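Thanks for coming. I will go through one structure today, starting with how its chains meet and then moving to the sheets.

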Number of protein chains: 2
Amino acid sequence: MADTVSEIKDAKLATVKMAALTTETKNNALEAMAEAIKVHRAEILAANAEDVAEAEGKIPSEILKRLRLNEDKVSDMVESILGVRNLKDPVGETMDGTVLDDGLTLYQIRCPIGLIGVIFEARPEVVPQIMSLCLKSGNAIAFKGGSEAKRSNRVLFDILREAVSSAGVPPEAFVLMETREDISEILKMDEYIDLLIPRGSYGFVKYIQSNTHIPVLGHSAGVCHVYVDSDADLLKAFDVVLDSKIQYPAACNAAEKLLVNEKIAPYFLPRMMDLFVQNGVEARIEKGLEKYLVGFDVKFADEEDWFAEYDDLVIAVKTVKDVNEAISFINSHGSHHTETIVTENKETQKEFVRWVDSADVFINASTRFADGFRFGKGAEVGISTNRIHARGPMGMEGLMIYKYVLCGNGHVVKDYAGKNAKKYKHLHTDSKYGE
Amino acid sequence: MADTVSEIKDAKLATVKMAALTTETKNNALEAMAEAIKVHRAEILAANAEDVAEAEGKIPSEILKRLRLNEDKVSDMVESILGVRNLKDPVGETMDGTVLDDGLTLYQIRCPIGLIGVIFEARPEVVPQIMSLCLKSGNAIAFKGGSEAKRSNRVLFDILREAVSSAGVPPEAFVLMETREDISEILKMDEYIDLLIPRGSYGFVKYIQSNTHIPVLGHSAGVCHVYVDSDADLLKAFDVVLDSKIQYPAACNAAEKLLVNEKIAPYFLPRMMDLFVQNGVEARIEKGLEKYLVGFDVKFADEEDWFAEYDDLVIAVKTVKDVNEAISFINSHGSHHTETIVTENKETQKEFVRWVDSADVFINASTRFADGFRFGKGAEVGISTNRIHARGPMGMEGLMIYKYVLCGNGHVVKDYAGKNAKKYKHLHTDSKYGE
């Protein structure tokens with residue numbers, strides 16, 4: 001543990017070197033990472049097989065599935081690293097420029113945050129994925145993986161750190177923590193760790209948030225809604241509701257609630273219910289809706305259902321008077337993650353977007369689009385329901401901050417103060433720092 | 001206290017209304033705020049006079065100076081509110097657009113953070129300043145001011161809340177807390193308060209950061225450096241060093257350390273010392289430099305001086321071998337706030353910018369330029385040495401986040417998965433949401 005603390009201090013010291021790496025060095029290191037995974041494929045699978053053998057029967061099958069690597073998953077790791085290699089280097093990019101006065105120009109320059117702590121559960125793919133993103137974005141990283149994946153994580157980490165080191169990247173910028181005590185230790189290291197990204201269950205993220213003063217980026221619950229308006233195109237509505245629920249029910253962006261405008265409920269609900277039944281979805285309905293569902297074996301929702309995240313083929317269904325009631329319900333019962341409206345009415349669409357307080361607010365599209373890859377971010381660092389820094393699906397931009405660079409020629413503030421003060425120009429410039 | 005908690009819960013509920021206010025309503029409310037301050041000028045000054053009378057002799061004269069209002073400061077409040085009225089409304093701005101596929105476009109839309117907690121010490125101007133910025137940016141706000149300014153804050157707050165309410169802004173979005181217990185209460189309200197901005201001393205900001213799980217934006221110490229390189233234009237160097245130190249020594253962006261390249265020390269230091277003496281600056285020098293300062297009454301720096309924030313007419317002076325030693329010293333001894341290099345050498349400038357890990361890195365310009373107004377932000381919310389969300393001088397953008405709006409036409413994810421999957425286009429678009 002003393003070791004972990006000193007390793008983290010060293011990683012923090014290495015952040016300055018990481019921030020100053022050239023694009024070429026970083027890309028060479030990413031190629032070395034991809035190559036190393038290919039070369040050590042058998043070793044990785046062997047370590048993972050040991051983890052799986054030990055975990056079998058002790059952890060839920062869903063988690064075991066995430067833990068287990070195979071040839072395809074290893075190939076995906078290689079592809080994903082090369083994908084990050086092809087992303088644009090964000091470090092040093094001029095985000096904005098302002099001419100304060102003649103010869104005095106201010107630039108806002110993108111730079112890495114520093115040392116990122118990533119705490120994750122079973123999936124070993126997180127190691128290459130986050131390591132490649134942190135490297136490309138010039139960040140140092142301290143990992144803590146789930147103990148059930150300890151051999152897989154260690155082998156991957158050692159191989160990758162060796163690879164980046166051979167390309168001239170400081171290896172001390174990468175730390176893997178292995179014991180449960182390490183977690184409580186790193187939660188206290190707010191002087192060294194600049195940002196924590198926990199990836200795992202709601203309870204896990206919540207625990208991290210409540211036990212550290214380090215900023216945390218992550219998402220808590222994923223209680224997503226679909227609202228079908230009276231002006232909906234019903235064919236689109238059936239598609240969007242179904243896809244939002246069944247395309248991958250365990251995902252945080254799967255819909256858990258269906259709100260239906262009461263005007264269309266009599267003819268919308270029976271057909272929707274047919275589709276739910278055909279697709280193995282259990283609908284828990286608001287009391288009173290059974291009158292539209294004659295012949296169905298109905299199940300009623302109780303108060304808890306309106307707040308529940310099922311992560312399963314279950315959906316709670318209720319009617320609302322209008323879009324305003326839908327908005328109020330979503331804002332007071334949801335998790336501010338992802339909500340969608342199905343309507344052809346442009347004014348209603350606008351109201352929904354204006355008033356719904358969620359990271360992702362969609363119109364006539366499945367909630368399942370809320371994802372870094374689908375959003376075109378190249379790679380996903382995570383999904384955030386935070387309200388500062390980054391919200392919604394987060395790509396490499398979630399790992400970046402900026403510094404201000406002011407280029408002058410001996411300029412002093414006293415010339416701009418008091419009597420006969422010079423005036424600032426404050427003109428936007430498209431020029432880039434260093435050009 | 002139970003009252004404070006329920007007021008804060010109400011303010012949180014009002015965030016959705018605040019986010020949806022039109023620009024017209026907000027601008028009308030800002031005009032009403034300015035008018036109200038003019039109308040109630042005498043009342044404000046009377047309340048302040050009572051605060052000053054009670055505080056006199058009990059608080060340091062510097063703080064008493066900040067507490068005391070006068071006609072000019074009240075006029076400045078009016079001007080500052082009207083200045084915010086003239087700023088562009090950031091809410092609803094399209095920050096980015098991506099065509100995911102035909103008829104499926106993603107927009108990133110700027111929106112307020114929610115409920116901002118501002119904790120500040122003596123200065124009553126913070127009430128109108130932050131209230132106008134939060135209003136324009138669509139945020140709700142909970143204030144806690146210093147007890148020495150309690151009457152001034154209460155009068156200003158009541159007048160301003162009444163004014164915004166008359167213009168159609170929900171008054172429950174604004175809360176003023178008055179007791180010391182309120183602070184410990186709000187530090188626990190991470191479910192309701194989205195961001196805390198403490199404004200005050202280093203110790204004060206540090207205390208807040210260490211006692212809450214709410215994200216905190218602020219700056220801790222301001223230990224700023226000027227490095228005078230061997231390729232410096234010495235006339236610029238004298239000006240920049242002097243302005244950085246004396247233009248307003250109590251500010252967090254005043255220079256506390258002077259690093260001088262050893263090659264120029266023999267002829268730079270005596271003249272610099274002359275200027276320090278002429279301007280009442282006490283220089284604490286590194287041992288060994290006295291040989292260049294024959295005839296001066298020298299004072300030596302001890303180890304603590306290299307980390308100290310004086311906020312006064314004191315500066316610690318040392319030599320370094322080259323820009324690299326300057327960079328290492330700054331990164332290991334500074335507070336990552338503001339540093340400047342004086343040099344004509346473009347390569348050395350680049351090295352300094354690339355390696356110095358501070359919010360503001362300047363070239364041939366006084367550290368005192370590190371300020372929201374000078375940077376052209378219109379108004380300053382504060383200066384941040386955080387490494388996420390906002391860094392350096394923060395304008396209204398520090399109070400903003402975004403949501404993603406995806407506009408589709410019945411699009412579902414299953415069409416983009418599995419065999420015969422459609423491909424995403426991921427093309428940048430300059431179109432704006434709602435156009």
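How many residue pairs are in polar contact across the interface of chain B and chain A? The rule finds 48 such pairs, with both residues at pLDDT 80 or more. A polar contact here is a pair of N or O atoms within 3.5 Å; within protein, one must be able to donate a hydrogen and the other to accept it, and residues adjacent in sequence count only if both atoms are side-chain atoms.

On the side of chain B that touches chain A, strand β16 (residues 400-411) of chain B gives the largest share, eleven residues. By type, that side divides into 38 nonpolar, 22 polar and 18 charged residues. Nonpolar covers Ala, Val, Leu, Ile, Met, Phe, Trp, Tyr, Cys and Pro; charged covers Asp, Glu, Lys and Arg; the others, Gly among them, are polar. Helices (H or I, at least four residues) and strands (E, at least two) are DSSP runs, numbered from the N terminus.

Some ground rules. This is a predicted model, in which local features need pLDDT of at least 70 and side-chain atom pairs count only at pLDDT 80 or more, while totals for chains, interfaces and linings use all residues. Residues are numbered from 1 along each chain as its sequence is written, chains are lettered from A and ligands numbered from 1 in the order in which they are written, and side-chain values use heavy atoms, with hydrogens and water left out.

Back to the interface. The contact (heavy atoms within 4.5 Å) takes 77 residues from chain A and 78 residues from chain B. About 6,400 Å² is buried between the two chains, and carbon and sulfur atoms give 60% of that. Buried area is the accessible area (1.4 Å probe) that two parts lose on being put together, summed over both. R387(B), I388(B) and Y404(B) lose the most area in chain B, together 11% of what that side buries.

R387(B) also takes part in a salt bridge, with D194(A), at 3.8 Å from N to O. The count between the chains is two, where a salt bridge means a side-chain nitrogen of Lys or Arg within 4 Å of a carboxyl oxygen of Asp or Glu. Over all chains, the search finds 60. One of them joins D158(A) to R154(A) at 3.0 Å, N to O. Those two are four residues apart in helix α7 (residues 150-166) of chain A, so about one helical turn separates them.

Next, symmetry. A turn of 180 degrees with a shift of 0.0 Å along the axis lays chain B on chain A, with an RMSD of 0.0 Å. That is the relation of a two-fold axis. The superposition is by least squares on the C-alpha atoms of residues with pLDDT of at least 70 in both copies. Which residue of chain B comes closest to the rotation axis? H389(B) does, with its C-alpha at 1.9 Å. The copies meet through the same surface, because 99% of the interface residues of chain B are also interface residues in chain A.

Last, the sheets. Strand β13 (residues 360-365) of chain A runs parallel to β16(B), joined by five bridges; strands pair if DSSP finds at least two bridges between them. In that pairing, F362(A) stands opposite L406(B). The open sheet that holds them has eleven strands with mixed pairing, in the order β10(A)-β9(A)-β11(A)-β8(A)-β7(A)-β12(A)-β13(A)-β16(B)-β2(B)-β1(B)-β17(B). Its edge strands, each pairing on one side only, are β10 (299-300) of chain A and β17 (427-428) of chain B.
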